[in-house]
Amino acid sequence: MSNLRPGPQWAETLVQSLPQGIVTIEESGKIVFLNRSAEQITGWRMAEASGKSINQVLPLAAGKEQFLERLTEASAIAPIHALNRQGRDVMLAITTASLALPDGAPAQTVLVIRDVTTEDAAQRLRSYFLANISHEFRTPLSALKASVELLLEGVEGFTPDETLELVRSIHFSVTSLQTLVDNLLESVSIEAGRFHIRRRPTDIRLLVAEAEALMKPLLERRNQALITSLPDGLRNLSVDPMRITQVLVNLLSNASKYGPVDQPIELDVSLQQDRLLRISVADRGSGIPAEDRENIFRRFVRLDEKDNAQYGIGLGLSVVKTIVEGHGGTVGLDERPGGGSRFWFTVPLEVA
Ligand code: ADP
C-alpha cells in the first residue's frame, strides 16, 4: 500500500481527522461543508446541513440575535452560547478565516469550532468559588478583628459579662473559620485522590460530645438548643473519628444556619437491625424540595442562590457524602413531619 501524500485525498482525510469542527459557509450563511467533528458538535449530518443557513443549524441559546450577526471581521469571536440539534446548550469558541478560493468562485468563510462547554463550566465554577471563598473568609475575619480591637481598647472598662460576650464572639468566628478550612482541605484532598479514611476503635458518644462542644458558639448565637438521644450500650465503632466529627459538625451547622432561631435541633443515634448505626440531625427550617434532595450533595450546589441569605460555598454536604460513603455508609434526608428536614447517615457496625 502506498503512503498517502499531500493531495486532494490527503487533504480530505486531514480535515475529517481534525478534532475541531470545520464548517464553511457562503456569504449568505449557507452551509457548504461540515467535517465529522462539526457534525458531532452541531448534531447535524453533512448531508442534512448542506444548503441550510448556519443560523438554523446553530441557533443562539438566548435572545433574538442570530449566529451570523455574531460573526465579525476579527478572526476570533467571543465564545458563542448555542443550541445543538438535540437542544443541548453548547459553548463554542470559534475562529474564522476567508477561504482562499480560485478567482471568480463565490467567497466562503471557514469557521473553526471548538466545543468549550466543559471548560466554560469549570471556569465559571472557579470564578464562583473564588468570589464566594473570599467572602466566606472576610465575614468571620472582620468580626474577629472588631472584637479583638474592642478588647484591646477597653479591657479595663468592660464588665466581666461584656468581656465574656466578646470572647464568645471571637470563639464563634474562629469556629466558622475552622469549619471552612476543614471542608476546603478535605475537598482538595478528595479532588487530588488523596482522601483516606483512618479507622480507629471509637466511642461514638465522644464524637457527639465533641461536635456539640465545637458547635456551641454557633448554636448559642442563634439560641438553638441541641437535643441529643443516644441508645445505651453502644459498642465502639471502627471509624475515622476526625472525619465523623466533621460530618456531624457540617450537618449541625447547616441545621443551625438554615433552621430558625430559638428552635431546638435534634440529633438522634439509633441502631438498625444490629447492622448499622444511623445518625440523624433534624431542624425546623424550610426543608428541601424532593427534586433537589440528591443534587444538594454535589459540590458547589446551593439552593435558591439569590434568596439564600446564609453564608456558604456549597462544600459541606459533598464532604459529608464522601466521608460517609468512604466508611461504607449512605446519606440522605427526609421531610420532617411538622416542617424542616432530617438529614441522616449510616455507618456499618462491622467493617466489610
Ligand atoms: P453551604 O451551606 O456552604 O451552601 P452545603 O453543601 O452544606 O453548603 O449545603 C448545600 C445547600 O443545601 C445549601 O446552600 C442549602 O441551600 C441547602 N441546605 C443544606 N442544609 C440544609 C438544611 N438543613 N435546611 C435547608 N437547606 C439546607
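These legends go with four close-ups of a predicted model. Local features need pLDDT of at least 70, side-chain atom pairs count only at pLDDT 80 or more, and totals for chains, interfaces and linings use all residues. Residues are numbered from 1 along each chain as its sequence is written, and side-chain values use heavy atoms, with hydrogens and water left out.

**View 1. The largest pocket, at about 1,000 Å³.** Here N254, K257, Y258, R302 and Y311 are the closest to the centre, out of 49 lining residues. On a 1 Å grid over the protein atoms alone, a pocket is an open set of points with protein on both sides within 12 Å along at least five of seven lines, and lining residues have an atom within 4 Å of a point. Its volume is the space filled by probe spheres set on the points, which are joined across faces, edges and corners. Two or more lining residues come from each of α6 (117-154), α7 (160-191), α8 (204-221), α9 (241-258), α10 (316-326) and β12 (341-348). Helices (H or I, at least four residues) and strands (E, at least two) are DSSP runs, numbered from the N terminus. Helix α7 chips in the most, with nine residues. By type, the lining of this largest pocket splits into 19 nonpolar, 21 polar and nine charged residues; Ala, Val, Leu, Ile, Met, Phe, Trp, Tyr, Cys and Pro count as nonpolar, Asp, Glu, Lys and Arg as charged, and the others, Gly among them, as polar.

**View 2. The second largest pocket, with about 330 Å³ of space.** Of its 17 lining residues, Q178, D182, M242, T245 and Q246 sit nearest the centre. Helices α7, α8 and α9 each give two or more residues to this lining, and α7 again takes the largest share, with seven. The tally for the second largest pocket is four nonpolar, seven polar and six charged.

**View 3. A nonpolar surface patch around W10.** L4, W10 and L14 together make about 270 Å² of nonpolar surface. Patch members have over 30% relative accessible area and no salt bridge (a side-chain nitrogen of Lys or Arg within 4 Å of a carboxyl oxygen of Asp or Glu), and nonpolar side chains are joined within 5 Å. W10 belongs to helix α1 (residues 8-17). It counts as partly exposed because its relative accessible area is 34%, between the cut-offs for buried (under 20%) and exposed (over 50%), with a 1.4 Å probe and protein chains only.

**View 4. A131 and I313.** A131 lies in helix α6 and is exposed because its relative accessibility is 51%. Its C-alpha atom is 9.6 Å from that of I313, 182 residues apart along the chain.

Note on methods: Patch = residues over 30% accessible without salt bridge, like charges linked within 9 Å, V, L, I, M, F, W, Y side chains within 5 Å. Areas by Shrake-Rupley, 256 points an atom, 1.4 Å probe, with all protein chains shown as cover. 1 Å grid on protein atoms, 1.4 Å probe; cavity = no way out; pocket = protein on both sides within 12 Å on 5 of 7 lines; lining within 4 Å.
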